[in-house]
Amino acid sequence: MLSAWRAWCGAGMLLVVGLVLGLGWAVPTRAQENANPLADYYGFGALELYKLQLRSANLIAGDFNNDGLTDLVLVDNSNSRLDLLQQQKDLAAAAAGAGAGRVNNINNDRRFEHRKIPLDREVASLTAGDFNGDGRRDLAWFATPDQLTVAYQSPQADFTERKRLRLPDVQPAQWVLASGDLNSDGRDDLVVLGKHDTYVITQAADGSLASPQRLMNTTENLGLAQVADLDGDGRNDLSYLNASDSDRPFCVRLQGADGRLGPELRCELAKTRGVTLANIDGKPGVEVLAIEAQTGRVKVHQLQQAQAQPGELAGQLIQYGFGQTGKNRDLATGDLDGDGLTDVIVSDPDSAQMIVFRQQAGSGLDLGSTFPGLVGAEQVRVGDLDGDGRLEVVVLSTKEKTIGVCRMEQGRLTFPKALPTEREPVALDLADVNGDGRPEVVLLGRERSAQASKYFLQALTVNAAGEFSAAKLGGQDAVPVALKTTPDRLVALDANQDGRPDFLVFAGTDRPPVFLATGANGVPAEVSAAEGGFGLGNVAPGGLFLGKLDKPVVLVAQSNFARNVMANEKNQWQVVDQYNAAEAGAKIVGAATVNLDGEAGPEIVLVDAGVKKLRILRSDAGVFRPWREVDIGAFPFKSAHVADLNGDKRDDLLLFGEGKFGVLYAGRTDPRLTTIASYETRQEKVRFNDLAAGDLNGDGVPDVAVVDVQSQFVDILNYTPDGGLKHAVQFKVFEAKSLASEERSGSEPREAVIADVTGDGRADLILLSQDRVLVYPQDAAAPPAAPPAGGK
């Protein structure tokens, strides 16, 4: 039986160990800390033990019976229940814990009454909050396979009133569920990380929960959702970890002034074993506390926003997701709603829908709205086809074998109206082929026969009544194009700058595009590569960019360089300039021209998938030389676009990729994580695996408790702005050679929480280890006036 001992602040106490079922549960003392002046400011009372189950998880503290005392709740999937450890006010009158009278059984301490809340499904993640505005703390959990349950605390604290929501495509895992005020209305909301979408369930003014809002993810592998104010603006933000990005795994969606979560900001963070959010410096905004996996160091980071300096660039892309990754999507930009701001539209062929990201004045692009569309809509273009000053959206569906036109009306995108086409359309673009100042729909149509397919270039124009009809190409209704394989993209360009549209036909990336040059007769004709000049090579459609330097340019990305090319008077390709990436690992997949430094003239941006960077070249005496680099990670690049996407009258760079697009905004910097403190233990055989923050010595300043799962120590760290993280005191949790279980595998102790669970106003340390909840009550003895600024 474990006797109760008290660990006082004196340096002469010995380490006291009690044996519990083969484990040595250790009471913390300061016997080994006499050389550390900080140790005198920390102390704990008698260790309290509460036996649960080996599969107990998701330790959460909160008042779950509205009596003003802090309780504990955990998930026990081995018994299909929640274990509620309810703090009792009168310990003297409380009955002895479960197991009294059994031989070789260790009784629970008497502080908590063990209540059991039955469940009918296996729970993956648990959170707590006031989800109906009645002032009582409720519970919410996500259970397999797809059910979110909210259990409301009644005046009797029985949690029998429940609301269930089905949320599809969620990977049931611990910490995919979090809660907090995510729209600044003073009410607790819920957020669930799904595979394709993040679900946000807000609370209405009447306390009811609204229908889930979907934020489209940029990747599927998200976890560890946390809600807190990261940037210090007084509004809660959402953070999570992205397992797909080893360079920038810490992701943040900042809440804007409009109460909406913004796009995804990815921050550099070394691979971690544990991450938590806590305010340890007393200033607005929480810090990010992390344990580095490789070094074992404990680091404190802040999300800091630096003022943009002239010529300074944002350090990364701001990312917008499409939900499901999908393939064969297309993207276009333009002012779709007529408000003078550029929007973004993305086709979603697999889901038969279009995604519109509308730009909001003062805040930039929203997170996208979906509208019904054609099945298999793999190509999209935007242009004012009828000359009324409003843009139309043109989409091509290879599955439905049609071209449709739609537009934004009354806040939504209309369903595409099919255009009359004589042949099966396989590729399209917009170009002014008749010189009337309005673009026509130019398409490649296919005629199938038993022997082979024939392809024809043709155009459609619209009259004042909105009716589409064939437009002549130099007097011809259709121009035959000799193609050996099915084309997948058609690009209109003025290759020789004669004012007439030419065309490139792409049919896979294993062959050069077919060049159709439009002559004085207005008829596009194929130009053979054998006629001289440089060939374009096996360039992908996304490797071609139509931009502007001192005049319009055509950039072609190839291998470790990009070329500025144009066709001469004989329609032979000539190289005007070349921009090299002189590095062995370089792989240039795209290029663009955009003014990023705010000075006269644009820069050239090379998209380097080999080293995962944007290489930005700036003109120096007429020669473009390396200027800046921006990390983009393993971005699945498809194409580059340039447009003003935040209404500041400056063009920004948009990279379109599989499952998402990213924007590098010109003239602004974005928040980034900055390390403000670091700690490395001097002890050997230590593996820090979890951490928690709270005031463990009553001085009003949070400390950090770090859990070691190799030697089973807890290391308490003191933080000061000047001294950073300093070792204060260390104690052993238990003595054991090895612990293994068929029911649970992992490292112990596995969870830590700091909260006042003794009702004395002082924060205590609570650990979950094996089948026990361990409570280390903070010492009631008054500490000295203030701890020194440093320790060991």
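Over how many bridges do strand E53 and E54 pair, and in which sense, parallel or antiparallel? Here are some notes to help you find your way around this predicted model.

1. To start with the opening question: E53, which covers residues 637–643, pairs with E54 over six bridges in the antiparallel sense. If you would like a spot to look for on screen, find Phe-637, which stands opposite Gly-657 in E54.

2. E54 itself spans residues 652–657, and six of its six residues are buried, so the strand is largely enclosed by the rest of the structure. For orientation, buried here means under 20% relative accessible area.

3. The side chains of E54 are worth a look too. In a regular strand, side chains alternate between the two faces of the sheet. Asp-652, Leu-654 and Phe-656 point one way from E54, whereas Leu-653, Leu-655 and Gly-657 point the other way. All of these residues are buried, on either side.

4. Moving along the chain, E54 is also joined to strand E55 (residues 660–664), by five bridges, and these two run antiparallel. Within this pairing, Leu-653 has Leu-664 of E55 as its bridge partner. The hairpin of E54 and E55 has two residues between the strands, and Gly-659 takes a positive phi near 85° there.

5. Now for another region. Four strands form an open sheet in the order E20-E21-E22-E56, with antiparallel pairing. Strands E20 (272–278) and E56 (672–679) stand at the edges with a single partner strand each, so one side of each is left without a neighbour in the sheet. On average, neighbouring strands of this sheet are turned by 25° against each other, direction ignored.

6. Within that sheet, E20 and strand E21 (residues 287–292) run antiparallel and are joined by six bridges. A pair to look up is Val-275 and its bridge partner in E21, Ala-290. As general background, strands of a sheet pair through backbone hydrogen bonds, either parallel or antiparallel.

7. Stepping back to the whole protein, what is the count of helices and strands? There are zero helices and 64 strands. The protein has 792 residues, and 54% of them are buried.

8. Two further figures round off the picture. Among contacts in the protein with a separation of 6 or more, 49% come from residues 24 or more positions apart. The protein exposes about 32,700 Å², and carbon and sulfur atoms supply 46% of that area.

Terms used:
Residues numbered from 1 in each chain as written. Predicted model: local features only at pLDDT ≥ 70, side-chain atom pairs only at ≥ 80, totals over all residues. Heavy atoms only, no water. Pairing = 2+ DSSP bridges. Axes fitted to C-alpha atoms, helices over the stretch in contact; angles between N-to-C directions. Buried < 20%, exposed > 50% of the residue type's maximum accessible area, 1.4 Å probe, protein only. Contact = heavy atoms within 4.5 Å. Areas by Shrake-Rupley, 256 points an atom, 1.4 Å probe, with all protein chains shown as cover.
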